[in-house]
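User: I have a chain open here and want to talk through its helices. Can you take a look?

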Amino acid sequence: MNKGFYFLGRGPNTPPKRRTFFGRAPRVYGIPISDWEQVGSGNLQSPIDLGKKHKGAFGRISFRYGPVPLHPARLTDRSLEIPVASAHPPIGMFLMGDFFELDRLQFHTPSEHKIANKRFAMSAHLVHHRHQLTAVVGVLFQVDKFNPGFERILDSALGNPCDPTGTQPDPVDLTHFIPDKGSYYRYLGSLTTAPHTEGVIWTVFDTPLDIADFQYRRLLGSMKSNARPIQPTNDRTIKYFLRH
Ligand SMILES: [Zn+2]
């Protein structure tokens with residue numbers, strides 16, 4: 001079945017057509033059809049607490065990431081944001097076989113999503129697009145070991161004290177921002193910054209990556225706490241997928 005069928009020529013606020021399947025409840029990108037039917041109702045805001053979860057089986061995801069030039073990072077009052085330069089072939093991910101191109105990275109402190117009521121030190125949001133659809137991958141970070149990829153991003157945003165000429169850093173391999181093990185949550189939500197548009201396909205990995213304490217402090221020195229408060233889950237189903 002082609003999942004993209006639902007969305008050809010449609011905006012993300014148009015609920016997909018209900019279809020029946022043999023032997024299992026209908027889903028789009030692993031999200032129950034009933035959640036898509038809520039799109040536009042204002043009940044699908046992000047972030048949420050990912051505590052209550054339901055096992056899923058069809059959450060196929062894979063990444064075509066690699067070294068990519070990043071545009072200069074900019075600090076806003078809601079995130080540290082880095083636009084991703086377009087690459088050939090494009091950098092992005094496959095959700096159930098459909099390609100979503102990576103558009104930008106955002107970092108928030110503390111993490112915006114919670115897992116079982118726990119926030120993490122930081123989260124990265126990798127924002128992807130396919131036609132009018134938006135799919136964001138959330139990666140949680142804990143303070144532990146040094147993260148060389150994040151150091152490049154800090155240098156780009158805050159200046160590299162070792163290189164005061166301000167030359168652009170080398171391309172960053174974003175593969176290092178995706179946990180190589182662990183499982184992930186999938187649900188239908190919204191952008192966490194204005195205009196908080198709904199219909200966003202969220203994938204949040206449950207395995208945190210590391211940043212060093214001095215990296216975390218360096219970020220906090222420039223960016224105040226900016227996580228959006230937890231939003232009600234309402235009737236949404238949170239699917240939990242084993243990585244494969
Ligand atoms: Zn974000």
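Analyst: The axes of H2 and H3 come within 11 Å and cross at roughly 25 degrees. With angles under 35 degrees counted as roughly parallel, that makes H2 roughly parallel to H3. This is a predicted model.

User: What is the handedness of the H2 and H3 crossing?

Analyst: H2 and H3 cross in a left-handed sense.

User: And which residues make the contact?

Analyst: H2 contributes Phe 150, Glu 151, Leu 154 and Leu 158, while Gln 215, Arg 218 and Leu 219 come from H3. By type, the residues of this contact are four nonpolar, one polar and two charged.

User: Sticking with H3, which of its residues are buried?

Analyst: H3 covers residues 213–220, and Gln 215, Tyr 216 and Leu 219 are buried there. Viewed down the H3 axis, the buried residues fall within an arc of 100 degrees, so they line one face of the helix.

User: Why would residues a few places apart point the same way?

Analyst: An α-helix has 3.6 residues a turn, so residues three or four places apart point the same way.

User: What do the buried residues of H3 pack against?

Analyst: They pack against strands E10 (122–130), E11 (133–144) and E15 (209–212), and against helix H2 (148–158).

User: Which exposed residues sit on the face turned away?

Analyst: Asp 213, Phe 214 and Arg 217 are the exposed residues on that face of H3.

User: Switching to the whole chain: how many helices and strands?

Analyst: The chain has three helices and 16 strands. Of its 244 residues, 38% are buried.

Notes. Residues are numbered from 1 along each chain as its sequence is written. This is a predicted model: local features need pLDDT of at least 70, side-chain atom pairs count only at pLDDT 80 or more; totals for chains, interfaces and linings use all residues. A residue is buried if 20 or more other C-beta atoms lie within 10 Å of its own, exposed if 12 or fewer, and partly exposed in between; C-beta atoms are placed from the backbone. Helices (H or I, at least four residues) and strands (E, at least two) are DSSP runs, numbered from the N terminus. The arc is that of the directions from the helix axis to the C-beta atoms. Two residues are in contact if their C-beta atoms, placed from the backbone, lie within 7 Å. Axes are lines fitted to C-alpha atoms, for helices over the stretch in contact, and angles run from 0 to 180 degrees between N-to-C directions. Angles under 35 degrees count as roughly parallel, over 145 as roughly antiparallel, 65 to 115 as roughly perpendicular and the rest as oblique. A crossing is left-handed if the near helix is turned anticlockwise from the far one by less than a right angle, and right-handed if clockwise. Ala, Val, Leu, Ile, Met, Phe, Trp, Tyr, Cys and Pro count as nonpolar, Asp, Glu, Lys and Arg as charged, and the others, Gly among them, as polar.
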